[in-house]
Amino acid sequence: QVQLVESGGGLVQPGGSLRLSCTVSGRTFRNFAMGWFRQAPGKDRDFVAAVDWSGGTSYYADSAKGRFTISRDSAKKTVYLQMNSLKPEDTGAYYCAASSAGWLTNEPTEYNYWGQGTQVTVSS
């Protein structure tokens, strides 16, 4: 069994920063591609960022590029999403996901494992 647990969400002012963390337990973390998604109330779950198994290649949604950074620490079995210059439209539940497919993808259906989510609210 693979389990993902997110943390680090909260309420932040526009222009502020948060760092989300996702800890992974179970089968090997090293060979998973990891992604972050967000879902606003009443909306579909949208891709935010992904990083490959080595941590050397990353991919971002246009809305995140230049402001967010995804990284991973295999020794700690943890994936991070550093979010800077936050905007109200960044508000939503953020989900960590893992894929055993072996390539980067922005499609939720291609991720095998999901965390429970952590809420991020950007408001003045």
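In which strand is T78 found? In the predicted model, T78 belongs to strand β8. With a relative accessibility of 6%, T78 counts as buried, because residues under 20% fall in that class. A polar atom of the T78 side chain is placed 2.9 Å from the backbone oxygen of K76.

Strand β8 forms part of an open sheet of four strands, in which the order is β1-β3-β8-β7 and the pairing is antiparallel. The edges of this sheet are formed by β1, spanning residues 3-7, and β7, spanning residues 68-73, each of which pairs on one side only. From one strand to the next, the twist averages 15°. In general, the strands of a sheet pair through backbone hydrogen bonds, in either a parallel or an antiparallel arrangement.

The pairing of β8 (residues 78-83) with β3 (residues 18-25) is antiparallel and comprises six bridges. Within this pair of strands, Y80 of β8 stands opposite S21.

Strand β3 also pairs with the edge strand β1. These two strands run antiparallel and are joined by five bridges. Among the residues involved, E6 has C22 of β3 as its bridge partner. The two faces of β1 are distinguished by their covering: L4 and E6 lie on the covered face, whereas Q3, V5 and S7 lie on the uncovered one. Residue E6 is thus placed on the covered face of β1 and is bridged to C22 in β3.

Methods:
Residues are numbered from 1 along each chain as its sequence is written. This is a predicted model: local features need pLDDT of at least 70, side-chain atom pairs count only at pLDDT 80 or more; totals for chains, interfaces and linings use all residues. Side-chain values use heavy atoms; hydrogens and water are left out. Two strands pair if DSSP finds at least two bridges between them. Axes are lines fitted to C-alpha atoms, for helices over the stretch in contact, and angles run from 0 to 180 degrees between N-to-C directions. Buried means under 20% relative accessible area, exposed over 50%, partly exposed in between (1.4 Å probe, protein chains only). A polar contact is a pair of N or O atoms within 3.5 Å; within protein, one must be able to donate a hydrogen and the other to accept it, and residues adjacent in sequence count only if both atoms are side-chain atoms.
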